[in-house]
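Let's walk through this protein together, one neighbourhood at a time. Keep the structure open beside you and turn to each spot as it comes up.

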Amino acid sequence: MRPTSVNFMTSANTASTSSNPRSFPAGFTWGTATAAHQVEGNNWNNDWWEWEHRVGTSVKEPSGDTCDHYNLYPQDIAMLAKLGFDNYRFSVEWSRIEPEDGEFSQAEINHYRKVLEACHEHNITPVVTLHHFTTPRWVAAQGGWVNDTTADLFARFSEKVAKSLGDGVGKWCTINEPNMVSTIGYLLGEFPPGTKSRESRAKANEVFCQAHIKARDAVKSISSAPLGITLAMQEYTINVDDESHREAAEGKRDMAWDGLEDCFLEAAKGDDYFGVQTYTRERFNQDGRIQPDQDMRTTIMGYEFRPQALEACIRRAWDKTGHVPIIVTENGIATSDDAERIEYVHGALDGVLNCIQDGIDIRGYTYWSLMDNFEWMYGYGPTFGIVAVDWKTQVRTPRPSASWLGRIARGNALLPRNA
């Protein structure tokens, strides 16, 4: 294992300059998140590793060792606790635990138990995601998420994990952003399996919803820990020059909602919480989606800088799920300017407080991501982390935003951006 260390020099704690910060409810949780394939390294047995190495895809570079979190999780979890957070959302890798159909690896189950133990050692609540974008190669070979059987296979896997690890899990997330897998993988063809078909996207949505419900039932029969699903949500706004086009633009927006969100919001009505994951907004005119204007502020990902989008998405999720409690399970920004990161998160948290003030039951905020990592088709270019990673040495260096957000977590109140 390469020599590693954590450098806290850039993130020394300073006292708050706020005399009257806006407070969050008692028991509100504060965390950061990662995903196995993005941080563990060398997850070769899933569809994404194969996709990264397939000729002709748009993936910028393969994931390789990434953050080597598979080996370095003890120091990463200790760092998370030192910064002031109280929970850590991470995923268990299906292709490690069940490398072939019906063959479960006790060694890999033991590994993830050690990750849970490290969390508890540092008073960090583990939030375990059962599927975060990656699917075992053997499942993909059987048709992946357009095969009805996959819902049953995922439920079987989820039951195995719950029986093996459930006593150490604080919260469960069944599936991370299934709408992104179905849309980018089965409609746009830029995630595996590379399909470009509206019918395939619709079928994948159906199978994902069934997989969530079946996994929920299996896990909840074993574990009493709260369980939910997470969804990629954007604020959708109308932008027309002529009001006579508004109805057509609204129709385009509603079609997007129908394909991207609605079935999952319906499936979540039986959950303990709903995970909102928001980064930006999308605008619609009578022809459909429109790109950000040239004079708009954008991020490394090309997204419009729009922290207000989180508030809009929380309100929609609250209404559409019939008031299932909300946890912000992802929110963040890819930027090379950490002051901009603080500005973005401050604006997003201000919107969370607005929702709470209006009676919406929001129980936590999770920043994406703990560390810079492999950002799927974009490779290592986008920097979402509140902790920087030197890819040659694996040294972690918390950014000022890490200590700023950690102080918010400790105080459970929104500090000024310059605090």
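In this predicted model, the buried residues of helix 7 pack against helix 4 (94–97), helix 5, strand 4 (125–131), helix 6 (137–141), strand 5 (171–175) and helix 9 (198–220). The residues of helix 7 that are buried are Thr150, Ala151, Leu153, Phe154, Ala155, Phe157, Ser158, Val161, Ala162, Ser164 and Leu165. You can also check the length of helix 7, residues 149–165. Its 17 residues, at 1.5 Å a residue, should span 24 Å, and the end C-alpha atoms are indeed 24 Å apart, so the two values agree.

Helix 5, one of the partners of helix 7, also meets helix 3. Two packed helices are described by the angle between their axes and the distance between the axes. Here the axes of helix 3 (residues 69–83) and helix 5 (residues 106–121) come within 9 Å of each other, crossing at roughly 10°. Angles under 35 degrees count as roughly parallel, so helix 3 is roughly parallel to helix 5. Which residues make this contact? From helix 3 come Tyr70, Tyr73 and Ile77, while helix 5 brings Glu108, His111, Lys114, Val115, Ala118 and Cys119. Sorted by class, the contact of helix 3 with helix 5 has six nonpolar residues, one polar and two charged.

Just ahead of helix 3, have a look at Thr66, which is found in the loop between helix 2 (47–52) and helix 3. Thr66 is not a glycine, yet it has a positive phi of about 40°. With a relative accessible area of 5%, Thr66 is buried. Glu177 is another non-glycine residue with a positive phi, here about 45°. You will find Glu177 in the loop between strand 5 and helix 8, and it is buried too, with a relative accessible area of 7%.

Next come two peptide bonds to look at. Pro192 and Pro193 are joined by a cis peptide bond, with omega about 15°. Pro193 sits in the loop between helix 8 (178–186) and helix 9. A cis peptide bond also joins Trp368 and Ser369, with omega about 10°. Ser369 lies in the loop between strand 12 (362–368) and strand 13 (387–389).

Now for the cysteines. A disulfide is a covalent bond between the sulfur atoms of two cysteines. How many disulfides are there? With a cut-off of 2.5 Å between the sulfur atoms, the count comes to zero. For Cys209, the nearest cysteine sulfur is that of Cys263, 3.5 Å away, and Cys209 is in no disulfide. Cys209 is buried, with a relative accessible area of 9%. Cys355 is in no disulfide either, and the nearest cysteine sulfur, that of Cys313, is 9.9 Å away. Its relative accessible area is 0%, so Cys355 is buried as well.

Our last stop is Ala334, in the loop between strand 11 (326–331) and helix 12 (338–357). Is Ala334 buried or exposed? Its relative accessibility is 1%, so Ala334 counts as buried. Setting aside neighbours within four places in sequence, Ala334 is in contact with Thr299, Ile300, Met301, Pro382, Thr383 and Phe384. Gly381 is 47 residues from Ala334 along the chain, and the C-alpha atoms of these two residues are separated by 9.1 Å.

Definitions and conventions
Residues are numbered from 1 along each chain as its sequence is written. This is a predicted model: local features need pLDDT of at least 70, side-chain atom pairs count only at pLDDT 80 or more; totals for chains, interfaces and linings use all residues. Side-chain values use heavy atoms; hydrogens and water are left out. Axes are lines fitted to C-alpha atoms, for helices over the stretch in contact, and angles run from 0 to 180 degrees between N-to-C directions. Helices (H or I, at least four residues) and strands (E, at least two) are DSSP runs, numbered from the N terminus. Angles under 35 degrees count as roughly parallel, over 145 as roughly antiparallel, 65 to 115 as roughly perpendicular and the rest as oblique. Contact means heavy atoms within 4.5 Å. Ala, Val, Leu, Ile, Met, Phe, Trp, Tyr, Cys and Pro count as nonpolar, Asp, Glu, Lys and Arg as charged, and the others, Gly among them, as polar. Buried means under 20% relative accessible area, exposed over 50%, partly exposed in between (1.4 Å probe, protein chains only). The expected span of a helix is 1.5 Å times one less than its number of residues.
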